[in-house]
Amino acid sequence: MPVPASPLRPAVCILVLLTALALYAMPLRAQGSPGENGAAQAGGDDGLTTIAVMGDSLAYGIWRSMYSQLQRDDRFEIVRWTEAATGLARPDFFDWSRSIDELLTQHPVDVAVMTIGLNDMQALYVDGARSYTLGSGEWDREYRARVERIMDRLQVAGVDLFWVGLPIMRSATYSANLANANRIYAAAAAERQVPFIPLWDVTVDADGTYASHLPDRRGRTRKMRDNDGIHFTIDGNNLITAAVLEAMSPHVPMIETVLAGRRR
Amino acid sequence: MLFPTLDFGLFFLLVFALAWGLKDWNTGRKLILVAASYAFYAYWDWRFCGLLLASSLINHAAGMAIGNSPDRRFRKQILTLAIAANLGILGFFKYYDFFILSLNDLAFQLGIERELPFLEIILPVGISFFTFQGISYVVDVYRRDVRPQASLLNLLLYISFFPQLVAGPIVRASVFMPQIEQPPRADRILAGLGLILITIGLFKKMVVANYLATEMVDWIFLDPYFYGTGDLLLGVYGYAIQIYCDFSAYSDIAIGVAALLGFRFQKNFDQPYKAESLRDFWRRWHISLSTWLRDYLYIPLGGSKGGRWATRRNLFLTMLLGGLWHGAAWNFVLWGVLHGAGLVVERALGWTRQAAKRPLWRRALAGLIVFHFVCLTWIFFRSADLDGAIEYLLGFARFDQPVEFATPLVLSLLAIGFAMHLIPGDTIDRVERALRPVPLWLQGALCGIAIVVIDAMGPEGVAPFIYFQF
């Protein structure tokens, strides 16, 4: 059967476009996605508070809610420094300590709201090798050292840091491990006078257990948790972000004025 | 298990080897495919498998009862029961929360503060798709379009077949059953076509759809308040291309994977933004769903047999229910209403008649109008809620805002998306024919290289397909 010539023309066009796209895409990945920090503005403008929300997918939800609540206010710039599926357990996969240095150099911020740990309930790796088993005393010590490194880097850079604790999860085992991590964050934060914002009590029901549906701030029951029993719905993100903003308000006067306006 | 992952690659290699290894023992092949499909589904949540099995057992029993009974009344009763069971399962998982929420809100407005209890219901992925397949099977048996399947194994495979289990295409029993009754012949499989579809699908999803989403669309739809006319236009064009590349990619990969296993499914998308009328659009977009809605909703409602107004009502209702199927939210309802109303108006004005005989400029103009109408409906579809959609539409009046997203990357992706609609419709078939002289091992190797390149080009992370949520 003779081979038709015409299909090659679109194929060549697509190949050219593919090559062009590859050239665009590769340097972009090396620099990190602009979407990660596209909203960032340099801090330092009078009256402008630049808040970076940092961490994993839980932080992304908080950023999303905070962005929709505060970004329209000229006094705030809400920046996203989140990377899903990352944590402190696998620096060989994603090194938060190093990333923070790079991000701060590129975009100075006034305030950082950090939450991380969803993906850390596993062995800790050192130089790409499994080194500390979850549940062991060594794991706790090494994990705390990693948390402290992050806190120290942000404090040395002069950023006002708020560390947000982890919420309860549907899985009891997962929750128990996260509760242990919360104790580590809280202890490290207390030592450095970093405000620690617990989410546990905000995300449990009246019996103190996990619930997918909880009352919102008007007292109406809404679905707060995603189907995975880990992440939050839009209403759920608003619920935990409200707790975060409330806890931040004594330290960030501008937030207090916003909340006071809403209370009225 | 998502298609563009190493997990799926390894899973498929194993299934491929086992299925073809057992080609001379058809029952064994079917057993392997059923086991693989349930394993594929259990990867999300093993508890869903019980639901999949229950759906298959209900439809198998109903099909046998309908097919083996000469009593028309009894057959109709069983059909009604089977449809009610299918829709009951779908409705419970998909709409229970919305129903309770709406009742509670209504009660609150009436001064009743006591709330009805919510349940923690997890929507099983793909439930709509396998439910629709189940309904089509029992209706087709009732209509005597297909024979009832005495073999439970056949029906288990039909309902659960993993390539199209979670996001379609919706395959009819009349297409599927003959293909499993006979073992496939290795010399007749469309391996080349399968490899081309998989490669194109991965490119559309991992490069075009994912970049458009992360570089532009997600930002603009997150808060349209910050953007002006130019960016909002780019945003909706971007979403139009993103959802096409995302959804059609799933179908391409599903059809390609099925082809490698010896199955032949019809295409689910046919250059939809080339449509010159809304009716034409729905013949090109998600074809398996629109034909399903036609055969199992529009026609049972009366189709076009009841006169002009009844036809318009049926069209409108079909699209409204199609909108509601996507989710219990007002923006999906409006999306369906707009499409339904558009189809009614178009029909009333006779725009669909003799479209092919119009001069080229009129056809191009019609295409532009239809595309922009579809884009308008996408704003409702993509926005988080109705307020967000209205905010988006109001933003089109902000002419003074600078355009931020017209980057070379975004414009190239849009150009690729539109170019997919301008090339001849049979390009893939022609490329497949052109590649036939190339040995299959070399085609496989080229496909492998292409996948590695695509993986390197796409943004990091694997975003789920948009239609998994429906």
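Helices here are DSSP runs of H or I with at least four residues, and strands are DSSP runs of E with at least two, numbered from the N terminus. One such run is helix H2 of chain B, residues 26–42, which contains Arg29(B). The model described below is predicted.

**Confidence**

For the complex, the predictor reports an ipTM of 0.73 and a pTM of 0.80. The table gives the per-chain confidence, together with the elements at either end of the range.

| Chain | Mean pLDDT | Residues at 70 or more | Element with lowest mean pLDDT | Element with highest mean pLDDT |
|---|---|---|---|---|
| Chain A | mean pLDDT 84 | 83% of residues | H2(A), residues 34–37, pLDDT 33 | E7(A), residues 196–197, pLDDT 98 |
| Chain B | mean pLDDT 90 | 97% of residues | H18(B), residues 440–457, pLDDT 86 | H6(B), residues 152–160, pLDDT 96 |

Two stretches of chain A need caution. Residues 1–15 of chain A stay under a pLDDT of 50, and the model has 11 contacts for them beyond four places in sequence. Residues 22–44 of chain A are also below 50, and this stretch has 38 contacts beyond near neighbours in sequence. Where pLDDT is low, the predicted coordinates should not be read in detail.

**Chain A: sheet and hairpin**

Chain A has 8 helices and 9 strands. Of its 264 residues, 36% are buried. Among the contacts in chain A between residues at least 6 apart in sequence, 69% join residues at least 24 apart.

An open sheet in chain A is formed by 5 strands in the order E2-E1-E3-E6-E7, with parallel pairing. Strand E2 (76–82) and strand E7 of chain A are at the edges; each has a single partner strand, so one side of each lacks a neighbour in the sheet. Within the order, E1 (residues 49–55) and E3 (residues 111–115) of chain A run parallel and are joined by 5 bridges. One residue of this pairing is Gly55(A), whose bridge partner in E3(A) is Thr115(A).

Chain A also has an antiparallel pair, in which 3 bridges connect E4(A), residues 124–126, to E5(A), residues 129–132. Val126(A) has Ala129(A) as its bridge partner in E5(A). The hairpin of E4(A) and E5(A) has 2 residues between the strands, and Asp127(A) takes a positive phi near 50° in this hairpin.

**Chain A: helix H4**

Helix H4 of chain A spans residues 96–106, and Trp96(A), Ile100(A) and Leu103(A) are buried in it. These residues lie on the same side of H4(A), because they cover an arc of only 70° around the axis. The other side of H4(A) carries the exposed residues Arg98(A), Glu102(A), Thr105(A) and Gln106(A).

**Chain B: domains**

In chain B, the domain assignment gives domain 1 as 6–187 and domain 2 as 191–277 + 352–464. The C-alpha centres of domain 1 and domain 2 of chain B are 28 Å apart. Their contact involves 11 residues from domain 1 of chain B and 12 residues from domain 2 of chain B. On the side of domain 1 of chain B that touches domain 2 of chain B, helix H1 of chain B (residues 6–21) gives the most, with 3 residues. By class, that side of domain 1 of chain B has 8 nonpolar and 3 polar residues, and no charged ones.

**Chain B: helices H2 and H7**

Is Arg29(B), in helix H2 of chain B, buried or exposed? Arg29(B) is buried, because 22 other C-beta atoms lie within 10 Å, and the cut-off for a buried residue is 20 or more. Leaving aside neighbours within four places in sequence, the contacts of Arg29(B) are Ala19(B), Leu22(B), Lys23(B) and Pro183(B). The C-alpha atom of Arg29(B) is separated by 12 Å from that of Phe161(B), 132 residues apart along the chain.

Helix H7 of chain B covers residues 173–181, with Ala173(B), Phe176(B), Met177(B) and Ile180(B) buried. Their arc around the axis is only 95°, so they are on the same side of H7(B). What do the buried residues of H7(B) pack against? They pack against H2, H5 (127–142) and H6 of chain B. H2 of chain B is thus named twice here: as a packing partner of H7(B), and as the helix in which Arg29(B) lies.

Definitions and conventions
Residues are numbered from 1 along each chain as its sequence is written. Chains are lettered from A and ligands numbered from 1 in the order in which they are written. This is a predicted model: local features need pLDDT of at least 70, side-chain atom pairs count only at pLDDT 80 or more; totals for chains, interfaces and linings use all residues. Two strands pair if DSSP finds at least two bridges between them. A residue is buried if 20 or more other C-beta atoms lie within 10 Å of its own, exposed if 12 or fewer, and partly exposed in between; C-beta atoms are placed from the backbone. Two residues are in contact if their C-beta atoms, placed from the backbone, lie within 7 Å. pLDDT is the predictor's confidence in each residue, from 0 to 100. Domain bounds come from an automatic or database domain assignment. Ala, Val, Leu, Ile, Met, Phe, Trp, Tyr, Cys and Pro count as nonpolar, Asp, Glu, Lys and Arg as charged, and the others, Gly among them, as polar. The arc is that of the directions from the helix axis to the C-beta atoms.
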